[in-house]
Amino acid sequence: MILTMMNTHKAFKSLQQAGVDERQAEVLVEIFAEMQQEHSLTKADLSQAMEGVVKGQQALQTRVDRLEDRVDQF
């Protein structure tokens, strides 16, 4: 959160230095901050993704084990 706040402040100042009106700079920074937050991942998102990866890895390992058993029987 602090990083986002510092980045938005920097963006605001950069826009002002580039000649953008203060209110326009505020609105632009708000829009960019909202877009960034909408596309950022939360810990819950990452946890859920990792659960999917682990389940996929476990399923793959099960298939490999079964295939090894079949090869051993052959």
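In the predicted model, the side chains of Glu 26 and Arg 23 meet in a salt bridge, with an N to O distance of 3.0 Å. Side chains of opposite charge can pair when their charged atoms come close. The two residues are 3 positions apart in helix H2, so about one helical turn separates Glu 26 from Arg 23. Both partners retain some accessibility: Glu 26 is partly exposed at 28% relative accessibility, and Arg 23 is partly exposed with a relative accessible area of 49%. The count of salt bridges comes to 1.

The protein chain contains 3 helices and 0 strands, and its elements follow the order α-α-α from the N terminus. The radius of gyration is 24 Å, well over the 11 Å that the globule rule gives for 74 residues, so the protein chain is more spread out than a compact globule. Along the principal axes, the C-alpha atoms fill a box of roughly 75 × 20 × 15 Å. Buried residues account for 7% of the 74 residues. The protein chain exposes about 6,800 Å², of which 58% is supplied by carbon and sulfur atoms.

Helix H1 spans residues 2-17 and includes Asn 7. With a relative accessibility of 38%, Asn 7 falls in the partly exposed class, because that class lies between the 20% limit for buried and the 50% limit for exposed residues. Asn 7 and Ala 33 are 26 residues apart in sequence, and their C-alpha atoms are 9.0 Å apart in space.

Helix H2 covers residues 22-38, and Ile 31 is found in this helix. A nonpolar patch on the surface is formed by Val 27, Leu 28, Ile 31, Phe 32 and Met 35, which together have about 410 Å² of accessible area. Within this patch, Ile 31 counts as partly exposed, at 40% relative accessibility. Membership of a patch requires over 30% relative accessible area, and the value of 40% for Ile 31 is therefore consistent with that cut-off.

Helix H3 comprises residues 43-73 and contains Asp 65. Ala 59 also lies in helix H3, where it is partly exposed at 42% relative accessibility. The C-alpha atom of Ala 59 is separated by 54 Å from that of Arg 23, a residue 36 positions away along the chain. Arg 23 is the residue that forms the salt bridge with Glu 26.

A patch of negative charge on the surface gathers Asp 65, Glu 68, Asp 69 and Asp 72. Of these residues, Asp 65 has a relative accessibility of 33% and is classed as partly exposed. Over the whole protein chain there are 8 positive and 12 negative charges, and the mean positions of the two sets are 4 Å apart.

Technical notes: Residues are numbered from 1 along each chain as its sequence is written. This is a predicted model: local features need pLDDT of at least 70, side-chain atom pairs count only at pLDDT 80 or more; totals for chains, interfaces and linings use all residues. Side-chain values use heavy atoms; hydrogens and water are left out. Helices (H or I, at least four residues) and strands (E, at least two) are DSSP runs, numbered from the N terminus. Buried means under 20% relative accessible area, exposed over 50%, partly exposed in between (1.4 Å probe, protein chains only). The radius of gyration is taken over C-alpha atoms; the globule rule is 2.2 Å times the number of residues to the power 0.38. Accessible areas come from the Shrake-Rupley method with a 1.4 Å probe; for residues, only the protein chains shown count as cover. Lys and Arg count as positive and Asp and Glu as negative; His and the chain ends are not counted. The place of a charge is taken as NZ of Lys, CZ of Arg, CG of Asp or CD of Glu. Patches are made of residues with over 30% relative accessible area and no salt bridge: like charges are joined within 9 Å, nonpolar side chains (Val, Leu, Ile, Met, Phe, Trp, Tyr) within 5 Å. A salt bridge is a side-chain nitrogen of Lys or Arg within 4 Å of a carboxyl oxygen of Asp or Glu.
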